[in-house]
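Please look over the sequence and the model below before reading on. The report that follows takes up a few parts of the fold in turn.

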Amino acid sequence: MPLVLALAYTPPPRVFASRVPVWRRLLALADAAATKLTTLWQGLFTDARGTVRIDALAQALDAPNILEAQALVSQTWHFAVEIPARRILPVLATETVQEAARLMEPTVSRLVEQAVTYTTGLPETAQWVNEYVGTQIRDISATTLKTVQQVLREGWNAGTAPRALARQLRDVIGLAPRQRIAIERLRERLEAQGKAPSQVQRNVEQATQRALRYRAEMVSRTESITLANRGAHETLLNAVRRGYVAEDRVRRFWLLTPGACPVCQEVPAMNQEGVGLHEPFQTPNGTSMHPALHPQCRCATTTSLVPL
């Protein structure tokens with residue numbers, strides 16, 4: 001069944017800014033966005049698996065080489081995942097950026113001592129969203145198709161019957177390579193225990209559904225943190241564009257939130273003097289304009305002004 005995602009605006013809960021740190025409200029906003037994004041990605045992964053036609057794929061596997069089957073899976077992924085993602089993800093991404101930008105208006109206004117409001121529809125924002133969405137879709141596609149290619153090569157070299165290999169290929173669509181290996185090991189353990197084939201298949205399918213859900217959540221939580229932090233950055237950019245504060249006075253700092261990983265814990269020390277408005281942070285993983293630095297990162301940033 002094709003994914004149908006209904007979008008509706010839900011006003012954020014009223015909170016007292018004086019009692020709740022802004023980074024906590026930003027994370028809460030990101031969590032709400034992650035729920036929508038998880039629905040999107042899990043639905044797309046499920047649709048891609050349901051779109052695979054076993055008969056057509058088995059026929060492609062009868063060809064003299066594996067290229068025809070590989071092309072068929074890539075084409076299925078393109079139409080079932082990439083095309084709808086390019087249509088829906090920018091909407092959700094823009095929505096999250098805008099909500100985060102509005103949430104930061106009081107904080108940035110106090111910082112620059114001017115009433116700052118976020119301007120929607122800026123070409124710069126649209127360009128950033130489109131570039132980010134494009135990168136996300138390419139990375140997710142590359143990881144997924146890597147899993148498919150591994151199963152295809154292994155099955156082809158082992159001489160697996162076309163129809164059996166076609167089912168194996170369908171069953172790994174949407175999974176990352178490590179997830180596919182973990183599920184295959186689960187199957188092997190169940191078979192070694194003498195479980196009935198029907199029970200093995202049922203347990204493997206349940207594990208696969210959990211893995212798909214986990215991957216969708218991991219992708220979505222990372223995306224939502226990145227989008228929320230970008231929205232916060234957009235409000236600061238808006239204050240500079242309007243001349244409320246000089247760009248060279250802005251210093252941004254990496255903010256560690258509770259449970260920050262060892263990688264992120266190194267970032268503040270690597271940027272003790274902060275970074276400029278358009279300057280990336282130095283991190284153990286390379287440079288980054290703002291969190292998320294890694295999958296499921298929960299960090300944020302703070303800003304101060306150099307005294308006049």
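Which residues does Asn271 touch, not counting residues up to four places away in sequence?

## A residue in a loop

The model is predicted, and in it Asn271 touches Phe253, Phe281 and Gln282, when residues up to four places away in sequence are not counted. Asn271 is found in the loop between α10, which covers residues 267-270, and β2, which covers residues 281-283. With a relative accessible area of 8%, Asn271 is buried, because residues under 20% are counted that way.

## The overall fold

The secondary structure of the protein comes to 10 helices and 4 strands, and, read along the sequence, these follow the pattern α-α-α-α-α-α-α-α-β-α-α-β-β-β. Taken along the principal axes, the C-alpha atoms fill a box of roughly 75 × 35 × 35 Å.

Of the 308 residues in the protein, 46% are buried. Among the contacts with a separation of 6 or more, 77% are made between residues that lie 24 or more positions apart.

## Two nonpolar cores

The largest nonpolar core has 53 residues, and those with the most contacts inside it are Trp41, Leu57, Leu61, Trp77 and Leu169. The elements that give two or more residues to this core are α1, α2, α3 (67-103), α5, α6, α7 and α8, with the largest share, 12 residues, coming from α3. Apart from this core lies another, of 33 residues, which includes Val240, Val250, Phe281 and Leu293; Phe281 is also one of the residues that Asn271 touches.

Trp77, one of the residues with the most contacts inside the largest core, touches Phe45, Ala48, Glu82, Ile140, Ser141, Thr144, Leu145, Ile173 and Gly174, again without counting residues up to four places away in sequence.

## Helix α6 and its buried face

In helix α6, which runs over residues 162-172, Leu165, Ala166, Leu169 and Val172 are buried. Seen down the axis of α6, the buried residues fall within an arc of 135°, so they line one face of the helix. An α-helix has 3.6 residues a turn, so residues three or four places apart point the same way.

What covers the buried residues of α6 includes α1 (22-51), α2 (54-60), α5 and α7 (177-192). Just after α6, Gly174 takes a positive phi of about 100°, and Gly174 is also among the residues that Trp77 touches.

## An exposed position on α1

Is Thr35, whose place is in helix α1, buried or exposed? At 53% relative accessibility, Thr35 counts as exposed, because the cut-off for that term is over 50%. The C-alpha atoms of Thr35 and Tyr132 are separated by 19 Å, and these two residues are 97 residues apart along the chain.

## The second largest pocket

About 530 Å³ of space lies in the second largest pocket. Of the 21 residues that line this pocket, the closest to its centre are Gln136, Met218, Val219, Thr222 and Pro295. The elements that give two or more residues to the lining are α5 (123-158), α8 (197-241) and β3 (286-288).

By kind, the residues of the lining of the second largest pocket divide into 9 nonpolar, 10 polar and 2 charged.

Notes. Residues are numbered from 1 along each chain as its sequence is written. This is a predicted model: local features need pLDDT of at least 70, side-chain atom pairs count only at pLDDT 80 or more; totals for chains, interfaces and linings use all residues. Side-chain values use heavy atoms; hydrogens and water are left out. On a 1 Å grid over the protein atoms alone, a cavity is a set of points where a 1.4 Å probe fits but cannot get out, and a pocket is an open set with protein on both sides within 12 Å along at least five of seven lines; lining residues have an atom within 4 Å of a point. Grid points are joined across faces, edges and corners, and a volume is the space filled by probe spheres set on the points. Ala, Val, Leu, Ile, Met, Phe, Trp, Tyr, Cys and Pro count as nonpolar, Asp, Glu, Lys and Arg as charged, and the others, Gly among them, as polar. Buried means under 20% relative accessible area, exposed over 50%, partly exposed in between (1.4 Å probe, protein chains only). The arc is that of the directions from the helix axis to the C-beta atoms. Contact means heavy atoms within 4.5 Å. A nonpolar core is a set of buried Ala, Val, Leu, Ile, Met, Phe, Trp, Tyr and Cys residues joined through side-chain atoms within 4.5 Å.
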